[in-house]
Amino acid sequence: MIRETDRHFKFDWIAILLFFSLVLFGWVNIISASQSGEVIDILDFSKSYGKQLLFIGLSFFLIILLLSVDSKFYERFSSIIYVISMLSLAGLFIFGKNVNGATSWYGIGGITIQPSEFAKVATALAIAKYLSDLNINIKQLKHQINIVLILLIPALLILLQKDAGSTLVYGAFFFVLYREGLPKIYLQIGALTIFSAILSLKFGLIITALFIVIAVALKLFFFSTKKIRRRIPKLIAISALYIGFAFTVGYVFTNLLPPHQKDRITIWLSLEKDPVKLERMKKLEAYNLNESEKAISSGGFSGKGFLDGTRTTGKFVPEQHTDYIFSTVGEEWGFLGSSAVVIVFVLLMLRVLFLAERQKTTFSRVYGYSVAAILFFHFLINIGMVMGLIPTIGIPLPLFSYGGSGLWGFTILLFIFIKLDSNRINEW
């Protein structure tokens with residue numbers, strides 16, 4: 001028999017230790033990216049590192065609150081939390097503050113709050129609540145449509161605020177749904193859709209059409225038990241649908257996509273045939289990326305040392321304390337430090353997955369997988385962007401990049417799950 005007083009301390013301290021390791025090392029790198037040769041006063045709240053320290057301090061109180069609330073609260077009120085979060089996103093169209101072309105913040109005095117960071121938590125709770133209902137079968141189309149609507153509402157609201165990076169995060173929930181039994185046909189559809197989009201931009205509509213017809217034919221004629229005469233109409237219909245999609249991608253790219261996003265995709269896929277023009281585009285559009293790559297490569301194996309990164313202290317990388325914070329790690333801590341950061345992130349995600357698998361309720365398991373998926377998506381996109389492996393997308397490195405909303409959003413996301421996990425002994 002486990003005493004009631006013991007239950008309050010059944011938190012997963014491994015996950016908590018990994019969390020604070022990332023937060024504190026992230027703050028150390030924010031100091032490097034924010035200082036300009038002056039004496040560092042960590043209590044100077046006019047500086048980014050001072051503000052971040054304040055955000056970290058407030059996170060302690062937030063953690064205490066999250067772990068003090070009864071774990072059943074998060075399940076019972078998940079729908080209400082979701083609705084309130086969606087209203088906060090909608091309210092930005094009236095009361096939002098425009099920053100760098102995106103209307104994604106509320107300005108409260110001298111502080112800005114980004115509700116999209118908290119909407120990810122609300123959506124994870126809503127998805128977990130919906131899938132935990134006894135009457136829900138994820139293999140049925142009507143339930144799949146409802147799940148898509150839960151994800152589509154915040155994604156569209158955020159997209160309309162011109163925050164494409166935060167919108168893409170909702171694709172992370174696909175991994176959660178697949179784990180819970182979403183038919184694998186959707187994985188195949190997703191893969192074919194992505195390849196079709198890339199091919200249509202890179203090689204044109206004719207080659208894309210041939211690829212689509214061959215791919216669909218292979219699927220229908222070699223992996224289907226239906227008679228051939230019943231497969232041909234399906235082949236024509238599906239191929240026509242994907243070819244139409246490929247044409248739409250090309251039209252949107254050429255006529256509707258904002259110039260800066262168009263340039264980023266052009267650089268990534270090397271769509272410009274004139275090498276001189278392509279190089280000019282890289283210099284104009286990919287300045288941040290080029291400087292980020294130079295900073296990372298200059299760190300070598302062991303790095304230049306704390307506060308000794310010349311490209312970091314020289315402010316060569318714009319906004320280095322936010323989306324490009326990993327370049328500071330690469331320059332000052334080198335391959336060893338960068339590897340350590342990656343390892344700690346991977347350990348945290350694996351730990352969350354391990355905890356999710358041992359949950360005794362569907363709600364806790366689905367929410368745990370949502371936490372891991374969101375962390376993984378942010379981690380993969382941010383580091384891939386900083387290293388030039390994917391197009392530039394404005395998305396922060398979890399627990400590492402500067403920002404109160406981001407830190408608090410991920411703190412809430414993780415510690416709700418830690419609270420749910422602590423209660424698993426009573427979940428039979």
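**Reading aromatic side chains in a predicted model**

Modeller: Let's start with Y74, which is buried at a relative accessible area of 3%. Keep in mind that this is a predicted model.

Biologist: Happy to. How does F73 count, buried or exposed?

Modeller: Neither! Buried means under 20% relative accessible area and exposed means over 50%. F73 has 34% relative accessibility, so this residue counts as partly exposed.

Biologist: Now the ring pairs, please. How many aromatic pairs are there?

Modeller: The count comes to 18 aromatic pairs. Take F11 and W13, for example: their rings are 6.4 Å apart, centre to centre, with 75° between the planes, and the pair is edge-to-face. F11 counts as buried because its relative accessibility is 12%, whereas W13, at 52%, counts as exposed.

Biologist: And why is the pair of F73 and Y74 edge-to-face?

Modeller: Look at the angle: planes over 60 degrees apart count as edge-to-face. The planes of F73 and Y74 stand at 80°, with ring centres 5.7 Å apart, so that pair is edge-to-face.

Biologist: Which residues do ring pairs link into a cluster?

Modeller: That cluster is made of F25, F306, W333, F345, F379 and F400.

Biologist: Let's turn to the surface. Which residues make the nonpolar surface patch of about 690 Å²?

Modeller: I42, L43, F45, L54, L58, F60 and F61 make that patch. A residue needs over 30% relative accessible area to belong to a patch. F45 has 42% relative accessibility, so this residue counts as partly exposed.

Biologist: Where does F45 lie?

Modeller: You'll find F45 in the loop between α2 (13-34) and α3 (48-68).

Conventions:
Residues numbered from 1 in each chain as written. Predicted model: local features only at pLDDT ≥ 70, side-chain atom pairs only at ≥ 80, totals over all residues. Heavy atoms only, no water. Patch = residues over 30% accessible without salt bridge, like charges linked within 9 Å, V, L, I, M, F, W, Y side chains within 5 Å. Areas by Shrake-Rupley, 256 points an atom, 1.4 Å probe, with all protein chains shown as cover. Salt bridge = Lys/Arg side-chain N within 4 Å of Asp/Glu carboxyl O. Helix = DSSP H or I, 4+ residues; strand = E, 2+ residues; numbered from the N terminus. Buried < 20%, exposed > 50% of the residue type's maximum accessible area, 1.4 Å probe, protein only. Phe/Tyr/Trp six-rings, centres within 6.5 Å; stacked < 30°, edge-to-face > 60°.
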